[in-house]
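Trainee: I am new to this structure and would like a close look at a single part of it. Could you take me slowly through one strand and what surrounds it?

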Amino acid sequence: YLNPGYFTTSSFYSIRDAYTEQEIIPFDTSYTKLSADDEGMFFKLHMKGLQPERYYRILFKHTNDEGTKVYDDNYYFKVIR
């Protein structure tokens, strides 16, 4: 979960292959928007479209009055069988 006070409703995620840096799921204003509830911000990711036994990286994009910033904090995950 991300801190809901830090990100706004203009926050999105992107998934990249950690080895090739190929963008698997690009930032999209409709389909990769972050959700929020009482506990914080989150997103649901359907894993069936990702290749097993590979590492992926998550990036976050946040837009506000000051502009747009992409956060690449080396968040990795591995899809297992």
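Mentor: What follows is a walk along one strand, its neighbours and the side chains that meet there.

This is a predicted model, in which local features need pLDDT of at least 70 and side-chain atom pairs count only at pLDDT 80 or more, while totals for chains, interfaces and linings use all residues. Residues are numbered from 1 along each chain as its sequence is written, and side-chain values use heavy atoms, with hydrogens and water left out.

Let us begin with R57, which has its place in strand β5, residues 54–64; strands here are DSSP runs of type E with at least two residues, numbered from the N terminus. R57 has a relative accessibility of 4% and therefore counts as buried, where buried means under 20% relative accessible area, exposed means over 50%, and partly exposed lies in between, with a 1.4 Å probe and protein chains only. Leaving aside residues up to four places away in sequence, R57 touches S14, I15, R16, A18, E21, D72, N74, Y75 and Y76, a contact being heavy atoms within 4.5 Å.

The strand itself belongs to an open sheet of four strands, in the order β2-β1-β5-β6, with antiparallel pairing; two strands pair if DSSP finds at least two bridges between them. At the edges of this sheet stand β2 (23–25) and β6 (67–79), and because each has a single partner strand, one side of each is left without a neighbour in the sheet. On average, with direction ignored, neighbouring strands of the sheet are turned by 30 degrees against each other, as judged from axes that are lines fitted to C-alpha atoms, with angles between N-to-C directions running from 0 to 180 degrees.

On one pairing, β5 is joined to strand β1 (residues 11–17) by seven bridges, and the two run antiparallel. Within this pairing, D17 has Y56 of β5 as its bridge partner, and S14 stands opposite L59 in β5. In the other pairing, β5 and β6 are antiparallel over ten bridges, with K78 in β6 as the bridge partner of Y55, and a hairpin leads from β5 to β6 through two residues.

We can now return to the side chain of R57. Side chains of opposite charge can pair when their charged atoms come close. R57 forms a salt bridge with D72, with the closest N and O atoms 2.4 Å apart; the term requires a side-chain nitrogen of Lys or Arg within 4 Å of a carboxyl oxygen of Asp or Glu. This pair links distant parts of the chain, since R57 is in strand β5 and D72 in strand β6, 15 residues apart. The two side chains also make a polar contact at 2.4 Å, meaning a pair of N or O atoms within 3.5 Å, of which, within protein, one must be able to donate a hydrogen and the other to accept it, while residues adjacent in sequence count only if both atoms are side-chain atoms. D72 is partly exposed, with a relative accessible area of 36%.

The charged pairing extends further, for R16, E21, R57 and D72 are linked in a network of salt bridges. One of its links is the salt bridge between the side chains of E21 and R16, at 3.9 Å from N to O. E21, at 34% relative accessibility, counts as partly exposed, and R16, at 24%, also counts as partly exposed. A search of the whole structure finds six salt bridges, among them one between the side chains of R81 and E53, at 4.0 Å from N to O. Because R81 lies in the segment after β6 and E53 in the loop between β4 and β5, this pair ties together parts that are 28 residues apart in sequence.

Strand β5 also has an aromatic side to it, through F60. The structure holds four aromatic pairs, which are rings of Phe, Tyr and Trp (its six-membered ring) with centres within 6.5 Å, called stacked when the planes are under 30 degrees apart, edge-to-face over 60 and tilted for the rest. The rings of F43 and F60 have centres 6.2 Å apart and planes at 65 degrees, so this pair is edge-to-face. F43 lies in the loop between β4 (40–42) and β5, and F60 in strand β5, 17 residues apart. F60 is buried at 7% relative accessibility, whereas F43 is partly exposed at 24%. Together, Y13, F43, F60 and Y75 form one aromatic cluster.
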